[in-house]
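Q: I am new to this structure and would like a close look at a single part of it, the open sheet. Could you take me through that part slowly, strand by strand, and then say how the surroundings are built?

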Amino acid sequence: MEDCIRLEYDVDGENFASAGHASESVKRTLKQMGVSPASVRRVAIAMYEGEINLVIHAHGGKAIAEIDPDRIDIYLKDTGPGIADVDLAMRAGYSTATENIRSLGFGAGMGLPNMKKYSDDMKIDTAVGVGTTVFLRICF
Amino acid sequence: MTVSEFSKESGYAVFTKGEDREIETGYCGDFLSNIISRATDACAWLTVMNNVNVAAVATLIDCACIILCEGVEPDEALYARANSLGIWVLGANENVFEAAKTVARLCGV
């Protein structure tokens with residue numbers, strides 16, 4: 001059995017242009033491993049939403065992917081402002097993104113709902129003023 | 001119909017080129033989160049959004065091509081990213097509705 005592959009990315013909070021590099025890299029890795037296109041797509045979407053959240057809300061952070069033959073665990077870690085009301089943040093269409101962010105095509109309030117929709121397990125560990133870690137597990 | 005055939009038939013501008021795939025369907029939208037969860041692969045994605053994140057989203061959804069509508073042209077960052085990722089970016093002067101009708105008519109989707 002192949003060992004777990006661990007990939008770690010710094011997500012630059014000031015740079016929208018680099019958002020998506022981590023999910024693109026993980027997507028390429030999974031494709032090379034022969035993971036089914038449907039599973040690759042789920043991972044890419046969930047991870048991209050997480051990356052974008054790090055840029056929009058948390059001034060960046062870390063995206064970590066641990067890949068096993070039958071699943072991937074993703075950790076999105078930041079030391080940003082934290083989420084005051086997780087239930088509200090999970091509601092489709094709710095967003096605290098600014099008008100400037102919306103003009104870039106983000107801020108539809110679908111980030112966390114999409115991450116939940118495309119993952120098999122999702123946990124949010126957050127504290128206001130301390131930061132947030134989102135855990136996602138996607139089984140292939 | 002493949003993207004290269006479509007670009008010739010439609011007369012749309014070709015900003016960048018990639019793998020020549022069949023256009024199997026279409027999707028219209030500008031909110032990136034909606035697009036990544038709802039657009040299907042091998043689609044022509046019609047949008048007026050013009051920034052570098054469009055290229056990242058196009059890669060995620062595996063669309064056949066991006067069609068920038070209403071005379072929108074890719075900015076430098078989008079052009080560079082689409083070029084390096086090998087993504088077709090076409091340009092239509094029509095609005096999104098009219099461009100969608102062109103995709104439907106020519107591609108039979």
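A: What follows goes through the sheet in order and then turns to the core and to the contact between the chains. The model is a predicted one, and the description should be read with that in mind.

The sheet lies in chain A, where 5 strands are arranged in the order β1-β2-β3-β5-β4 with antiparallel pairing, and the sheet is open. Because β1(A), residues 5–12, and β4(A), residues 121–127, stand at the edges with a single partner strand each, one side of each of them is left without a neighbour in the sheet. From one strand to the next, the twist averages 10 degrees.

Starting at the edge formed by β1(A), one finds this strand joined to β2(A) by 8 bridges, the two running antiparallel, and within this pair D12(A) has G60(A) of β2(A) standing opposite. The strand β2(A) also pairs with β3(A), residues 71–78, in the antiparallel sense and over 7 bridges, with I64(A) opposite Y75(A) of β3(A). The link between β2(A) and β3(A) is a hairpin of 2 residues. Towards the other edge, β4(A) pairs with β5(A), residues 131–139, again in the antiparallel sense and over 7 bridges, and M122(A) has L136(A) in β5(A) as its bridge partner.

A helix also belongs to this picture, for α1(A), residues 21–33, packs on the sheet and touches β1(A) and β2(A), the latter spanning residues 60–68, while the direction of the helix makes about 160 degrees with that of β1(A).

Turning to the core, the largest nonpolar core has 73 residues, and those touching the most other members are A44(B), W45(B), C63(B), C65(B), I66(B) and I67(B). Helix α2(A), residues 37–58, gives the most to this core, with 12 residues. If residues up to four places away in sequence are not counted, C63(B) touches A39(B), D41(B), C43(B), A44(B), W45(B) and A58(B).

Finally, where the chains meet, 15 residues of chain B are in contact with 18 residues of chain A. On the side of chain B that touches chain A, α2(B), residues 32–38, and α3(B), residues 53–61, each supply at least two residues, and the largest share, 5 residues, comes from α2(B). By type, the residues of this side of chain B divide into 8 nonpolar, 6 polar and 1 charged.

Conventions. Residues numbered from 1 in each chain as written. Chains lettered and ligands numbered in written order. Predicted model: local features only at pLDDT ≥ 70, side-chain atom pairs only at ≥ 80, totals over all residues. Contact = placed C-beta atoms within 7 Å. Helix = DSSP H or I, 4+ residues; strand = E, 2+ residues; numbered from the N terminus. Nonpolar A, V, L, I, M, F, W, Y, C, P; charged D, E, K, R; others polar. Core = buried A, V, L, I, M, F, W, Y, C linked by C-beta atoms within 7 Å. Buried ≥ 20, exposed ≤ 12 C-beta atoms within 10 Å, placed from the backbone. Pairing = 2+ DSSP bridges. Axes fitted to C-alpha atoms, helices over the stretch in contact; angles between N-to-C directions.
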